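Student: Could you take me through the surroundings of the ligand in this one? I'd like a close look at that part, contacts and all.

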Amino acid sequence: MTSPIRTERHDDVLVIISDNPPVNALGAAVRQGLEAAVKQGIADDTIKVMVIRCEGKTFFAGADITEFGKPMQEPALPVLVDMIEASSKPVVAAIHGTALGGGCEVALGCHYRVAVPSAKLGTPEVKLGLLPGAGGTQRLPRLAGVRLALEMTAKGAPIPAEVAAGAGLIDRVVSEDSLAADAIAFAKEVADQRPIPRASEKTVAPDPETVAAFTKENGRRFRGFDAPAANIACVVKATEVPFAEGIQFERQEFMRLMMGTQSAAQRHIFFAERQASKIDGIPADIQLRDIKRVGVIGAGTMGGGISMNFLSAGIPVTIVEMQQEALDRGTGVMRKNYEASATKGRLKPEQVEQAMGALTPTLDFNALAECDLIIEAVYENMDVKKDIFGRLDTLAKPGAILASNTSYLNIDEIAASTNRPQDVVGMHFFSPANVMKLLEVVRGDKTAPDVLATVMALAKKIRKVAVVAGVTYGFIGNRMLMPRQVEANKLLLEGATPEQIDRVHVAFGMPMGPFQMADLAGVDIGWHRDPNRIENVRDALAAEGRWGQKKQAGFYDYDEKRNPSPSPRVAEIINEWRNKTGTPLHEVTDQEIVERTLYPMVNEGALILEEGKAQRASDIDVVWIYGYGWPVYRGGPMFWAKTEGYDKVLAGLEKHGFTVAESLKNGTIK
Ligand code: T1G
């Protein structure tokens, strides 16, 4: 097998080049090739200096994650980085794309770093439940200081080359299109400079105030995660002990995290997210339809948010409404959202104008005739949607994709109201649609393969994580939400309180529990609006105007700052319904709440898979991580069920009388 590493000589400069697509992951062959090349450079007296650079779209994007959990082949990355740093001849890292994780650590092991302006450096291991395990936690603070090291390791966000240069991590920012030549020129400049700068030989002073401030600022963000604290502890160690001792501590912490369930879960989601974009049975190189202009029907909260995704990606949008007032309100909210991002420095004012400039608001439905993709985002009513798709059928251009943003309704039934069901697909965005990353792409019986592939590819362009769902009521996410809600409502009558059930879900790692979520979304959502027809606790609340946060009263009472507190009136209503339904009281434990609200979701997930309404179990995990706030360190409901143990889940479900999916019974969930 040819090595992914080759070398070139440029006078007395040895250039070591990695070509390991797609992201130059530091797999065994790359490490072995690098080791051999650096040793060659050191041994060759005619070589004065070395440059390490990569072909393709990026510098090393980290250790090869697919090797984790397998026997490690020599040299291990920490050993390789130490060897590069110990070299008696200077080594220059030439960086483009994203120098991430182990790739960033290789660069820190080099004596000098040059980069193109568009390059980024980062140590995102924390997003895999890990920490930089090849000396990054010890070299980074020594080169860039405590604060930046904390930002990069514990939060995992990459930094641009300019910022890295300002922090002393990059010695020169070279021009975008001449990295190879500029790196060689730079190498020649430093070839004879002595002493050779080694990060491990530098020191960094303790800075407890900065550490305390950083930890406090990020308390909420790090809640439930193991890795951030370990990253912080390693950076602190770098300020307290000699390099070798710090490295030992880093190694120990790295192995502890690597063996933990959290990292396994987060690595599962890393690959699950990428797997989700692959559609079974459709070739990866299928011809996609060209989407130059998008039409959106409805300028409400969803329509506006959906439009912003395309405008932010540079795709012009035609947005249609029935009344001028609704149109002005909708486009006004979009501008306000953009301006808010600009105020926070996330957008430049000219980008706001560019995005809003690409928007064509209109009351003329016929303007949609020029669109390549039309997304209907009106309220959930089948007749209204069928009428809209019937009209689109007559005016949309041939080959235009017709999509519905319905959260529940039957896409096949909607498609049947046209003569082009092959062009109809579901695109279920999550509110707020310009923020939430998940997109459920609903594949109808007749949806054409190129329509599905086009929408999945478009999702990447608008920075969404797309998952294919089949036609079933509520698709993947909402269908699994229903058994949870049914059981939560039952548990209220049996003796649990909204606070207890929500506390169990928050302790589990969810951003909020079912009743806090109901109050945020609106207790009146989906309510039949007949105050005389009271069939359950939720109806009783809605009939009393307890519609949630917006009314400062729902399952909780709210103060003017929207802080929730237990509601005596709600306790009364629950009590009334307990008596009305004759539901016996019993002491509800936290474990029972887990067994009756989370296990049924896993069961429903298994049924969805058995019915072929999801391609794979990992897709279900991606839906819950990106659409419903399931804690990523638990890997999603299906992955969690595996770590929990299918037998335990099965026993819990049977104990409470649930009909269990066959695949869960015999442990064959795929
Ligand atoms: N190892 C193995 N495969 C990887 C990989 C990696 N590090 N990074 C990407 N891939 C695969 C990915 O699965 C996909 O495969 C293809 O490459 C393209 O990726 C000791 C322990 C670099 C920003 O966390 O963030 O170093 O689906 O679709 O959108 O301290 O990939 O085509 O079969 O994401 O252009 C730390 C992970 C590792 C960076 C490119 N590094 N990668 O994004 O392409 S831990 C990371 C990314 C570590 C050391 C530790 C992104 C990217 P497939 P893609 P992209």
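Tutor: Start with the backbone: in this predicted model, a backbone N or O atom of alanine 61 sits 2.9 Å from a nitrogen atom of the ligand. Alanine 63 joins in with a polar backbone atom 2.8 Å from a ligand oxygen, and isoleucine 65 places a polar backbone atom 2.9 Å from a nitrogen atom of the ligand. As for cover, the ligand on its own would expose 1,000 Å², and the protein buries 74% of that.

Now zoom out to the whole shell. It holds 26 residues, and the closest are Lys57, Glu105, Glu125, Arg274 and Lys278. Sorted by class, you get 15 nonpolar, 5 polar and 6 charged residues around the ligand. In terms of secondary structure, β5 (98–100), α3 (102–109) and α12 (261–276) are the elements that each give two or more residues to this shell. The largest share comes from α12, with 3 residues.

While you have the model open, have a look at helix α13 too, residues 301–312. With 12 residues at 1.5 Å a residue, α13 should span 16 Å, and its end C-alpha atoms are 17 Å apart, so the two agree. Of those 12 residues, 9 are buried, which means α13 is largely enclosed by the rest of the structure. Among the buried ones are Gly303, Gly304 and Gly305, along with Ile306, Met308 and Phe310. Just past the end of α13, glycine 314 takes a positive phi of about 80°.

How values were computed: Residues numbered from 1 in each chain as written. Predicted model: local features only at pLDDT ≥ 70, side-chain atom pairs only at ≥ 80, totals over all residues. Heavy atoms only, no water. Near = heavy atom within 4 Å. Polar contact = N/O pair within 3.5 Å; in protein donor to acceptor, adjacent residues only side chain to side chain. Areas by Shrake-Rupley, 256 points an atom, 1.4 Å probe, with all protein chains shown as cover. Helix = DSSP H or I, 4+ residues; strand = E, 2+ residues; numbered from the N terminus. Nonpolar A, V, L, I, M, F, W, Y, C, P; charged D, E, K, R; others polar. Expected span 1.5 Å × (residues − 1). Buried < 20%, exposed > 50% of the residue type's maximum accessible area, 1.4 Å probe, protein only.
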